[in-house]
Amino acid sequence: MPPWRQKADEMFPELACQFEWADTPYLLWFELREAFEKAYEQTPRDESLIKRIYQYSDWCADQPRGETAEDDLLTCVAVCFYEHIPLHSAAREDMPRWWRAEDLAGEPSVFQYHLSEEQFRELRNFLARESHRYDPGPRTEN
């Protein structure tokens with residue numbers, strides 16, 4: 001079992017049946033993004049799942065880079081998860097808790113892939129305005 005799959009199974013036992021057919025990290029992240037969006041749509045939000053998905057994304061981003069896009073976990077997380085966060089209204093409204101305006105620096109930023117220049121500028125300004133909500137603690141593992 002590849003390490004990305006083993007880590008996911010450890011962190012998301014409640015999603016194990018959804019991961020059965022995910023034989024690539026991309027397929028796994030499609031499932032995780034769907035679970036992430038559903039976690040925001042529940043009342044109350046599934047804060048535990050949201051936190052663990054962010055933690056897993058950090059874990060993936062910290063792994064050694066792959067030789068191609070197919071085996072590079074950072075690329076996978078960027079394409080399958082990070083790019084889509086600003087598109088989900090509840091996740092976007094919650095971004096200041098998880099992201100700082102500085103995290104959107106660099107050209108191009110992964111967060112602007114699906115946004116116009118104006119929308120991206122608005123997102124960066126929103127994060128700057130709401131910087132008091134940022135809490136690095138929730139992304140660390142317990």
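Select Ala 39 to begin, a residue that lies in helix H3, where helices (H or I, at least four residues) and strands (E, at least two) are DSSP runs numbered from the N terminus. Ala 39 is buried because its relative accessible area is 0%; buried means under 20% relative accessible area, exposed over 50%, and partly exposed in between, with a 1.4 Å probe and protein chains only. Show next the residues that Ala 39 contacts once its neighbours within four places in sequence are left aside, namely Arg 45, Asp 46, Leu 49 and Ile 50, contact being defined as heavy atoms within 4.5 Å. If you then draw a distance from Ala 39 to Arg 92, the C-alpha atoms are 13 Å apart in space, while the two residues are 53 apart in sequence.

What you have open is a predicted model, in which local features need pLDDT of at least 70 and side-chain atom pairs count only at pLDDT 80 or more, whereas totals for chains, interfaces and linings use all residues. Residues are numbered from 1 along each chain as its sequence is written, and side-chain values use heavy atoms, with hydrogens and water left out.

Keep helix H3 (25-41) on display and add H5 (73-80). The axes of H3 and H5 come within 9 Å and cross at roughly 35°, the axes being lines fitted to C-alpha atoms, for helices over the stretch in contact, with angles that run from 0 to 180 degrees between N-to-C directions. H3 passes H5 in a right-handed crossing, a crossing being right-handed if the near helix is turned clockwise from the far one by less than a right angle, and left-handed if anticlockwise. To see the contact itself, select Pro 25, Tyr 26, Trp 29, Phe 30 and Arg 33 in H3, which meet Leu 73, Thr 75, Cys 76, Val 77 and Cys 80 in H5. By class, this contact has eight nonpolar, one polar and one charged residues, where Ala, Val, Leu, Ile, Met, Phe, Trp, Tyr, Cys and Pro count as nonpolar, Asp, Glu, Lys and Arg as charged, and the others, Gly among them, as polar.

Staying with H5, colour its buried residues, which are Leu 73, Cys 76, Val 77, Ala 78 and Cys 80; the elements that cover them include H1, H3 and H4.

Move now to helix H1 (residues 3-11), whose buried residues are Trp 4, Arg 5, Lys 7, Ala 8 and Met 11. Seen down the axis of H1, these buried residues fall within an arc of 165°, so they line one face of the helix, the arc being that of the directions from the helix axis to the C-beta atoms. On the other side of H1, Pro 3 and Glu 10 are exposed.

Arg 52, the next selection, is in helix H4 and counts as buried because its relative accessibility is 17%. Not counting residues up to four places away in sequence, Arg 52 touches Met 11, Phe 12, Pro 13 and Glu 14.

Last among the single residues, select Ser 109 in the loop between helix H6 (89-98) and helix H7 (117-129). Ser 109 counts as buried at 6% relative accessibility, and, apart from neighbours within four places in sequence, Ser 109 is in contact with Leu 104 and Phe 120.

Finally, zoom out to the whole chain, whose secondary structure comes to seven helices and zero strands. Buried residues make up 45% of the 142 residues in the protein.
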